[in-house]
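Good morning, and thank you for coming. I should like to take you through one protein structure, step by step.

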Amino acid sequence: MIDRSSVEDQAVEAVFQPKRRFSIVWIVPLVALVIGGWLAIKAIRDKGPTITITFATADGLEAGKTKIKFKEVEIGQVEQISLNAEASQVVATAKMVKGSEPYLTDQTRFWVVRPRISGGSVSGLGTVLSGAYIGIDGNREGRPSLTFKGLEEPPVVTINQPGRHFVLHAESLGSLDIGAPVYYRQIRVGQVVSYNFDQQGKAVDIKVFIEAPHHLWVTKNTAFWNASGVDLTLNAQGLKVDTQSMVSILTGGIAFDLPKESEPGATAEENANFFLYADRNAIQEKHYTLRNYWMLLFDESVRGLSVGAPVELYGIKIGEVVDLKLEFD
């Protein structure tokens, strides 16, 4: 039998250690929490704006896949596609990258890039394999906006390109279209970028872009004419055929030059206005600022006389017929 008193005498006194308040095991979840919070803050800080674009149809669009590109650089993606309240249009909701806010204004244009043949050129062939995407023509001018109406036809993007725009006034559009070439002495130097009715709706305003340095040839006395098709002239010297190129015959085109015996004048400014003549011969016709109207009465047939017929003096045109009426007693 063991003597308890002897054991207690030989026992070592116990040493008490204080309990640790922090365990190294908690370092891992704390680090994960810090990293997660930093990533959340970074995601919120780097989050770009969300915009909506309306199109007539969703042809070529796919939620979660269709990209928004500018100069082949991805700057957004379509996240959702739905119909509007009237089910008349398609609404594409897209997320843009951060930093795109200054270019999202009411002047910004969006369109779907697909394979197209227009203006004698082929575009969008790369989408045959990669699929359609939404193109953007960002514009800093205008008021900030997050709602846009997509274009059904792609515009001609001339932003940041050296050159100048000019506005041509014409009675009708004719065979011209966006992308139609503009020629200077049979060399292509620009193209048609847009067209619309004038403020009264009685004429057409055609906007063209002339690339640098050829825009310097456009002066205040420069004349533009419709170079579409083929001009045939039959006179004492024989038959004369005038055309700019095969492309202008098929798709239309515009040409400009300085009329004969005219001084160039100062270089035309951005968005300067010009009149678009019907053909090259029209730019050589004299235009009078002072006009007098006369009424002539004939008691015989005027067969063959029509509006626009010339009035000549000694073989020189001094006017033209503007109207024909019958007064019968």
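I begin with a definition: rings of Phe, Tyr and Trp, taking the six-membered ring of Trp, are said to pair if their centres lie within 6.5 Å. Please keep in mind that we are looking at a predicted model.

Let us start with the aromatic rings. By the rule just given, the count comes to 7 aromatic pairs. One of them is made by F166 and F274, whose centres are 6.0 Å apart and whose planes meet at 75 degrees, an edge-to-face arrangement. This pair links distant parts of the chain: F166 belongs to strand β10, residues 163-170, and F274 to strand β18, residues 272-277, with their positions 108 residues apart in sequence. Are these two residues buried or exposed? Both F166 and F274 are buried.

Next comes the pair of F224 and F256, which is tilted, with 5.2 Å from centre to centre and 40 degrees between the planes. F224 lies in strand β14, residues 223-226, and F256 in strand β17, residues 254-257, so the pair ties together parts that are 32 residues apart in sequence. F224 and F256 are buried as well.

For those who are new to such numbers, a pair of aromatic rings is described by the distance of the centres and the angle of the planes.

Which residues are linked into a cluster by ring pairs? They are F166, Y184, W217, F224, F256 and F274. The cluster therefore includes the four phenylalanines of the two pairs I have described.

Rings can also have a charge over them. K69 lies over the face of Y133, at 4.9 Å from the ring centre. Likewise, the charged end of R140 sits over the ring of Y103, 4.6 Å from the centre of that ring.

I turn now to the strands, and to β4 in particular. Strand β4 covers residues 90-96, and 6 of its 7 residues are buried, so it is largely enclosed by the rest of the structure. Which strands does β4 pair with? Strand β1, residues 50-55, runs antiparallel to β4 and is joined to it by 6 bridges. Within that pairing, I51 stands opposite A94. Strand β3, residues 73-83, also pairs with β4 in the antiparallel sense, over 7 bridges. There, L83 stands opposite V90. β3 and β4 form a hairpin with 6 residues between them, and in the turn A87 has a positive phi of about 60 degrees.

That value leads to the backbone. Most residues other than glycine have a negative phi, and most peptide bonds are trans. Several places in this model depart from that pattern, and A87 is one of them, with its positive phi.

R185 is another, since its phi is positive, about 55 degrees, although R185 is not a glycine. R185 lies in the loop between β11, residues 181-184, and β12, residues 187-197. With a relative accessible area of 58%, R185 is exposed, because the cut-off for that word is over 50%. N271 has a positive phi too, near 65 degrees, and is likewise a residue other than glycine. N271 is placed in the loop between β17 and β18, and at 36% relative accessibility it counts as partly exposed.

Where is there a cis peptide bond? The bond from A212 to P213 is cis, with omega near 5 degrees. P213 has its place in the loop between β13, residues 204-211, and β14, and A212 lies in that loop too. At 31% relative accessibility, A212 counts as partly exposed. A212 and Q161 are 51 residues apart in sequence, yet their C-alpha atoms are 8.3 Å apart in space.

Finally, let us look at the outside. A nonpolar surface patch of about 760 Å² is made by W294, L296, F298, V302, L305, V307 and L324. Among them, V307 is found in the loop between β18 and β19, the latter being residues 310-313. V307 is exposed, with a relative accessible area of 55%.

K149 is exposed as well, at 62% relative accessible area, and is found in strand β9, residues 147-149. The C-alpha atoms of K149 and D106 are separated by 9.6 Å, while the two residues are 43 apart along the chain.

Thank you for your attention.

Methods. Residues numbered from 1 in each chain as written. Predicted model: local features only at pLDDT ≥ 70, side-chain atom pairs only at ≥ 80, totals over all residues. Heavy atoms only, no water. Phe/Tyr/Trp six-rings, centres within 6.5 Å; stacked < 30°, edge-to-face > 60°. Helix = DSSP H or I, 4+ residues; strand = E, 2+ residues; numbered from the N terminus. Buried < 20%, exposed > 50% of the residue type's maximum accessible area, 1.4 Å probe, protein only. Lys NZ or Arg CZ within 6 Å of the ring centre and 35° of its normal. Patch = residues over 30% accessible without salt bridge, like charges linked within 9 Å, V, L, I, M, F, W, Y side chains within 5 Å. Areas by Shrake-Rupley, 256 points an atom, 1.4 Å probe, with all protein chains shown as cover. Salt bridge = Lys/Arg side-chain N within 4 Å of Asp/Glu carboxyl O. Pairing = 2+ DSSP bridges.
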